[in-house]
Amino acid sequence: MRLGIAVPAAAGALALAAVATPGAAFAASGPVVKISASAASFTIGLSNPYTFQVTVNATSTLNGVSIKSIKAEPWTAAGNPAFRGPSASNVAQFSLGLKTLHRTATSWTVGYTEHDSAATNRPPNQIAGTWNLAVLVTTKDGRVFFDPNAAHFTAKRADVLSARPSVSSVRKGAALTVKGQLNRADWNKGVWAGNGGQWVRVQFRKAGTGTWVTEAYAKTAANGSVSASVRDYATGSWRVVYNGNAVSAAAVSGVSTVTVK
């Protein structure tokens, strides 16, 4: 996967940073070129296909100034605290393989798409999190425009959540235990591993209604297991919900019905 090599590649290019720093890379003559970009966030499990997609547009605002090249590179400080941001030299050397999508005399749109369906081609765990897209644009008259934060996206590890009430029927107002298990994709080992220390919500939906109500909060144990005690006053369905975080995707358990006698 392209992001799997982006962190070490960028870190290895730190020696080039002195050649063209982000501040020095901006043209002094003002916004002759406008840059806009987008990058799609995605979640990766153990075997699901995923698509990493980037689009960049550079538009000249002055007559006679046309675009010569567009380069872009994703970057993050994850796993390498010494790397605080990209330089124009980094982007020039490690740019994505951008393809032309549309071009006019004053505007150029390029894109990059990587579709990965191989279950064995998982990235390292350290790439999970928020990424930035740095863009470097050069005009035919030699002006350079550099935006280190042209777009942002996330790459998250998939989570799966299971939950089940301790019984299928109870007396009205009786205590009910809902147990569950939250697992997260471990790309390094190729297994689903317990996601500990995460807050989840235990929710109830009364039969005949469409509204889920949070009845309890619980924190997963180190192995990803979770248990919460609630009281049941009406027949309905129970589930557990995880909101996710910066590196883990949200997950919702299946639904179980409990009948109140």
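This section describes the overall fold statistics, one open sheet and two buried residues of a predicted model.

The chain comprises three helices and 18 strands. Of its 261 residues, 46% are buried. The contacts in the chain between residues at least 6 apart in sequence were examined by separation, and 69% of them join residues at least 24 apart. The surface that the chain exposes amounts to about 12300 Å², of which 52% is supplied by carbon and sulfur atoms.

Four of the strands are assembled into an open sheet with mixed pairing, and their order across the sheet is 2-8-7-4. The edges are occupied by strand 2, spanning residues 42-44, and strand 4, spanning residues 67-75. Each of these edge strands has a single partner strand, so one side of each is left without a neighbour in the sheet. From one strand to the next, the twist averages 30 degrees. Within this sheet, strand 4 is paired with strand 7, which covers residues 129-139; the pairing is antiparallel and extends over eight bridges. At the level of individual residues, Ile70 has Val137 in strand 7 as its bridge partner.

Two residues in other strands were considered in terms of burial and surroundings. Val230 is located in strand 15, which runs from residue 225 to residue 232. Its relative accessible area is 5%, and Val230 is therefore buried, the cut-off for this class being under 20%. When neighbours within four places in sequence are left aside, the contacts of Val230 comprise Ala174, Ala175, Leu176, Val178, Val202, Glu215, Ala216 and Trp238. For one of these residues, Glu215, the separation from Val230 is 15 residues in sequence, while the distance in space is 7.0 Å from C-alpha to C-alpha.

Ser256 belongs to strand 18, formed by residues 256-260. With a relative accessibility of 10%, Ser256 also falls in the buried class. Apart from neighbours within four places in sequence, the residues in contact with Ser256 are Ala163, Arg164, Pro165, Gly236, Ser237 and Trp238. Trp238 thus appears in the contact lists of both Val230 and Ser256. In the model, Val230 in strand 15 and Ser256 in strand 18 are accordingly each in contact with Trp238.

Conventions
Residues numbered from 1 in each chain as written. Predicted model: local features only at pLDDT ≥ 70, side-chain atom pairs only at ≥ 80, totals over all residues. Heavy atoms only, no water. Buried < 20%, exposed > 50% of the residue type's maximum accessible area, 1.4 Å probe, protein only. Contact = heavy atoms within 4.5 Å. Areas by Shrake-Rupley, 256 points an atom, 1.4 Å probe, with all protein chains shown as cover. Pairing = 2+ DSSP bridges. Axes fitted to C-alpha atoms, helices over the stretch in contact; angles between N-to-C directions.
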